[in-house]
Amino acid sequence: MPSSRWLNAFRPKSKEATSLPVKVAFSESTYEPLPYGLIVLAEGLDPALDIVAVHGLNGHRENTWTTNDLGLSPANTHSTSQISGQYLYDHARTLVSDLWLKRRLTKTRTRPIIFVAHSLGGIVVKSALIQSAAARREALEEHRSIKLSTYGILFMGTPHQGGSGVHLGELMLQVASIFVTADDKILKHLERDSEWLQQQLGQYAPISNDFVTKFAYEMLPTQIALGKAIMVVPQASAVVPGATNAEPVAIPADHLNMVKFASRQNGGYEKVSGHLQLLAEEAPEAIGARWEEQDRIRKAQANVKDDFTVPFSLSGIPETENFVGRKEELAKIKEAFQGDGSQRAVVLLHGLGGIGKTQLAVTFVKEHRDTYSAIFWLNGKNEDTLKQSFAVMANRLYKEHPSSALLRTAAEAKDVDQIVVLIRQWLSAKENHRWMLVFDNIDNPKLPGNEDPQAYDVRLYFPEAHQGSILITTRSSRLKIGKVVSVQKLVDIRESIAILTSTSGRVNLDRDTYAIDLVNELDGLPLALTTAGAYLSQVSTSLEDYLRHYRTSWLKLQQTSPDLLSYEDRALYTTWNLSFKHIQSQNKSAGSLLRLWAYFDNQDVWFQLLAAGSEGSPVWFATIVYDELSFNEAIRLLCDHALIESLEMPGGYGMHNCVHAWAVHVLNAEREISMAILALICVGLAVPTKDVPEYWVKERRLLPHADKCFESVCDTIHLGFQDNRNALHAVHNLGILYKDQGKMAEAEAMYRRALEGFEKAWGPEHTSTLDTVNNLGLLYADQGKMAEAEAMYRRALEGREKAWGPEHTSTLDTVNNLGNLYADQGKMAEAEAMYRRALEGYEKASGPEHESTLDMVNNLGVLYKDQGKMAEAEAMYRRALEGYEKAWGPEHKSTLNTVNNLGTLYANQGKMAEAEAMYRRALEGKEKAWGPSTSRR
């Protein structure tokens, strides 16, 4: 670990030598006789970093941090007679000033800093860093060095937010009460200022990502008056969920003693000192790189004439206080803008509406505002708003540089097109290349195939000179300008929880199962999370009730949610309407496909799924599924507006949960039965038959869509789609799918619904009706409902004999099923009679080597084995095996099943060698066909 100078830092109180050569200073300001300012506690040889410790209210330079052995050793920082939010804030300003002065005088202004803050001392540190970050090109510019040099912060029991049902103001009073006498004046100060202080500290969130943070929290209650004990700062307040570059640290002590340790073997000491050592090892390289970047920026700024500088401002730009994560995207943007602007650099942020593109752009320009001589925000919602942004830009420039004739002309011009020309000319000046333009909401670009008269080419508004930096946000994936950075949903659930926590004002959401369910439902979409938080902040509705309303009354819930300042005039239920309008104008069929998607599951729609429903479909749908190229044309348009995206599944496309909810409740505000039936037909007719290779894989892929259609079938049971032959067959096939997947209740519901429809449409003896009756028998047999199964089989058998005759293969299928049923019931004679009848019929109808015939031979073998007729069983198995090998080959599944049956027969006879040979052959064949780990039904 590098040598350190410790300012209000850890040090051993005993004579035992410390392993960390340090220099320590205190921030002092307690009782009047004690001086204010910093004091150096200890300093090692050539220290490489400063560790600054700041204690809380009424702290003591020794007692706050030490026991008789080890501890943290800073001096007093606060007066007990002036405690208020404003006082804490003022003290933070003093801390910045004194710390900067000490480091300037000792020529250590670029040395890394690690802060250790106990209790409300953490509020002082956060306020100090806010003020340091805010210092700009004035007399206090040097104060920025404190924030620039700060690498890490160890908060020890600092209340960052309300917790456990207690608001921040109450929590601060609670903290204050254990340090100072509960003087009414002091408590009123804190109560009055706590809300103001919370708003002030809201400015800390945007800069918090620049530091590595450890949130230490107390594990034991603190003793107070009358023998009571309380958790002064509970974990929910001491730890900020979802914070970037941060982790919680549990300290097995109460609030007062969490910074005092009896020995080096103390668990708390080992944790804290360990974290500090890691921070100290990492800090020099990281802060060195930060100062190198700062030097590069200053050199670049030195080359910019004053005529081209404009103070940074985001006035009128929607900005969230709850931005979290996006480190990877921010790093990509920074990398693309590495140059000095002498060669133009363009970065395009692409993503779904509401995904946070604008807020990502806002965060980037705030973090890197010192890199640029001027930053201008242009609203590209349409061409008129863009031109108006140029007019605002002209007035702003002229106000900053009134002596410029060019800017005066631009500001006084009446023609907005002339203003654009003049501003582009100003941006093209030879020495003016350190600017950045942000073109926000370029969602309707003029591209081939887009005939919308409102579409325009944003490149026409770029300066002619190939210089400067341009950042664009868009929903269009076809707009390919510069480096494209794709903005995806938030993947880390902790980041989503952090947004919901911050916007709702509620605590402990990371431990609330309903909050986690809600976050999963909103699926990492910042707009949806912020909307939910805004609603929850204004009502007492529980998370459970909100989730229920979200699922059952989506549109009304969204319409009654508060407006969001950070998302302009867009709400969750309207944000994609513009995209839908653009799609409709370019391809009405693609717009209809988007509406149809509401009746499928949101994930994994593919061409063959839709093509299964092509027969008798509407013209718009038949056009899309005519061939795969037509399908791709419509899909590309939806992808272009980021409303869907390609998935890892072959040919599959998915839609975000929230977009799907919008499609359900907005695009289909009035449920359209024809759309629901079309989706049902697609899914039902896509159910594969058993002869399709790996049919079970396709069945699993269809299951989520089947579940969505199941709702439609149940909801439309009285709407009479029995006249639609395809729809009835689709419902029947869903029964097959559910049975194969072991979902017996759903299978029975589908079979019953199909049976009802077939009976009404074609009568009780129609072949389709009888097919469903037969399948219901199979289902009941699998459920062990033998009486119901036999009734279904008998009805199917009588109907098929009447319709096709006693020797038709469909009739024989039911005869075989009755044989299986009797065998399962132990009615061996009846079973053998059925099997014999079926076998004779199959031999006559299809020949002795047909698969159906061989299946019956195999079944007879099973029956004879169960009866103990081993010779007859072996004869049947041998015949079946020879037929399967001849018809399908030695490795077909039917062949291998019979080989396995022979193995079982030999094992029952005690012929172990023969049994092993059969089992090994079956195993090798199945491993070759399906792999060693596949479980097959």
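Helix axes are lines fitted to C-alpha atoms over the stretch in contact, and angles run from 0 to 180 degrees between N-to-C directions. Helices are DSSP runs (H or I, at least four residues), numbered from the N terminus. This is a predicted model, in which local features need pLDDT of at least 70 and side-chain atom pairs count only at pLDDT 80 or more, while totals for chains, interfaces and linings use all residues. Residues are numbered from 1 along each chain as its sequence is written, and side-chain values use heavy atoms, with hydrogens and water left out.

**Helices 29 and 30**

- Helix 29 (residues 767–783) packs on helix 30 at an angle of about 155°, with the axes 8 Å apart.
- That angle makes helix 29 roughly antiparallel to helix 30 (the term applies over 145 degrees).
- Contact, meaning heavy atoms within 4.5 Å, involves residues of helix 29 including L770, V773, L778 and Y780, and residues of helix 30 including M786, M792, Y793 and W804.
- By class, this contact has 12 nonpolar, 5 polar and 4 charged residues; Ala, Val, Leu, Ile, Met, Phe, Trp, Tyr, Cys and Pro count as nonpolar, Asp, Glu, Lys and Arg as charged, and the others, Gly among them, as polar.

**Helices 30 and 31**

- Helix 30 (residues 786–804) and helix 31 (residues 809–824) pack at about 160°, with their axes 9 Å apart.
- Helix 30 is therefore roughly antiparallel to helix 31.
- Among the residues making the contact are Y793, L797 and W804 of helix 30, and V815, L818, L821 and Y822 of helix 31.
- The residues of this contact divide into 10 nonpolar, 4 polar and 6 charged.

**Helices 33 and 34**

- Between helix 33 (residues 851–867) and helix 34 (residues 870–888) the packing angle is about 155°, and the axes lie 8 Å apart.
- The two helices, 33 and 34, are therefore roughly antiparallel to each other.
- Helix 33 contributes residues including L854, V857, L860 and Y864, and helix 34 residues including M870, M876, Y877 and W888.
- The contact of helix 33 with helix 34 has 12 nonpolar, 4 polar and 5 charged residues.

**Helix 14**

- Helix 14 (residues 493–504) has 12 residues and reaches 16 Å from its first C-alpha to its last, close to the 16 Å expected at 1.5 Å a residue.
- Of its 12 residues, 9 are buried (under 20% relative accessible area, 1.4 Å probe, protein chains only), among them I497, I499 and L500.
- The buried residues of helix 14 pack against helix 15 (513–522) and helix 16 (526–538).
- G505, just after helix 14, takes a positive phi of about 75°.

Technical notes:
Angles under 35 degrees count as roughly parallel, over 145 as roughly antiparallel, 65 to 115 as roughly perpendicular and the rest as oblique. The expected span of a helix is 1.5 Å times one less than its number of residues. Buried means under 20% relative accessible area, exposed over 50%, partly exposed in between (1.4 Å probe, protein chains only).
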